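Got the viewer open? Keep the selection box handy and follow along stop by stop.

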Amino acid sequence: MERVNQTTSVSEFILLGLSSRPEDQKPLFVLFLTMYLITITGNLLIILAIHSDPQLQTPMYFFLSFLSFTDICFTTTIVPKMLMNFLSEKKTISYAGCLTQMYFFYALGNTDSYILATMAFDHYVAICDPFHYVTTMNHHHCVLLLAFSCSISHLHSLLHILLLNLLTFCDSNVIHHFLCEINPLLKLSCTSTFVNEIVIKTEALVILVTPFLCISFSYIRILITVNKIPSTAGKHKAFSTCGSHLTVVTLFYGSIFYVYLQPLSSYTVGDRVATIVYTVLSSMLNPFIYSLRNKDLKRGLKKLMGRRK
């Protein structure tokens, strides 16, 4: 691509997507459109059910409603552009559009991560320190935890976008991915990415691992506490409250660690598939995972659907 001068970056990137074969584009369009509509509908129903049922006005459901809202925004950052590219011969995204998508991709993805950590902390307090639950998880503290989750995620994303904007992209403008993500973009830079890679290995690693460590610590403490419960029924009740959350955490972090805890040079097709898991698939399955094993949420959804009739 022709450059205006020696320091001007390319004006647009080409997203190769999941497949370059023409016969795959329409089936992929139908598949991801269906997944997107299920994601929007499922998460919207969770939000409406929680906010319309007074019995669901607890910290756990407060965080769950914001997790659903973040999931809607997260997938909307990615999927509509994918759908456009499936039906377009020119699979391009502008330089500004690419950085904007990347900003919200990392900001919302990390917000998801920190909300999952706050939900784990909520479970920890409820099981390990029930007598102080009401004071520890009051509405003011919940709002502060949510504000912190959003703030640190957006600051982290902004840092990486500003550093990326200092790079020059020349020669190739083809991104071997279905979205603008930092690793494939760094491969296209014709200037040194040393600072970017150092920040990824330090600050980004801390931002990524910290909520996971908080979740791990919470569940280790929960496991120790639950094992001290004498009755089997009591143990089952305690574990059942955490089952849905653990399933979501495993799905989300398993795919994230597969993508990011490896060298930049080894970024492969498998990473694109794993990215789908923690972006599109995880957001789509969350409403089902939380509602199928939660009697209170099931009741709230039934009440909501009953009002619509």
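**First stop: Asp53**

Select Asp53: at a relative accessible area of 1%, this residue is buried (buried means under 20%, exposed over 50%, partly exposed in between, with a 1.4 Å probe and protein chains only). Before going on, note that this is a predicted model, where local features need pLDDT of at least 70 and side-chain atom pairs count only at pLDDT 80 or more, while totals for chains, interfaces and linings use all residues. Residues are numbered from 1 along each chain as its sequence is written, and side-chain values use heavy atoms, with hydrogens and water left out.

Now add Arg299, which meets Asp53 in a salt bridge at 3.4 Å, N to O (a side-chain nitrogen of Lys or Arg within 4 Å of a carboxyl oxygen of Asp or Glu). Asp53 sits in the loop between α1 (22-52) and α2 (59-86) while Arg299 belongs to helix α10 (residues 295-308), so this pair ties together parts 246 residues apart in sequence. Helices here are DSSP runs (H or I, at least four residues), as are strands (E, at least two), numbered from the N terminus. Arg299 itself is partly exposed, with a relative accessible area of 27%.

Which other side chain meets Asp53 in a salt bridge? Pick Lys303, with 3.9 Å from N to O. Lys303 is in helix α10 too, so its pairing with the loop residue Asp53 bridges 250 residues of sequence. Lys303 counts as partly exposed at 35% relative accessibility. Show Asp296 as well: salt bridges with shared partners join Asp53, Asp296, Arg299 and Lys303 into one network.

The whole structure has five salt bridges. For another one, go to Glu23 and Arg21, whose closest N and O atoms are 3.7 Å apart. Glu23 is exposed at 51% relative accessible area, and Arg21 is partly exposed at 47%.

**Second stop: the rings**

Time for aromatics: there are 18 aromatic pairs to find (ring centres of Phe, Tyr and Trp, the last by its six-membered ring, within 6.5 Å; planes under 30 degrees apart are stacked, over 60 edge-to-face, the rest tilted). Start with Phe105 and Tyr106, whose ring centres are 5.0 Å apart with planes at 70°, so they pair edge-to-face. Buried or exposed, what is Phe105? Buried, at 2% relative accessible area; Tyr106 is buried as well, at 11%.

Keep Phe105 and add Tyr278: the centres are 6.3 Å apart and the planes at 40°, so this pair is tilted. It links distant parts of the chain, with Phe105 in helix α3 (residues 95-128) and Tyr278 in helix α9, 173 residues apart. Tyr278 is buried, at 4% relative accessibility. To see the wider picture, select Phe74, Phe105, Tyr106, Phe212, Phe252, Tyr253, Phe257 and Tyr278, which form one aromatic cluster.

**Last stop: annotated spans**

Colour residues 28-50, 62-80, 142-163, 204-226, 238-261 and 273-292, which an unreviewed UniProt entry annotates as "transmembrane region"; such annotations may be inferred rather than shown by experiment. Two of these to check:

- Residues 62-80 are 100% helix and 0% strand, with end C-alpha atoms 28 Å apart.
- Residues 204-226 are also 100% helix and 0% strand, and their end C-alpha atoms lie 34 Å apart.

Finish with Phe288, found in helix α9 (residues 269-292) and partly exposed at 40% relative accessible area.
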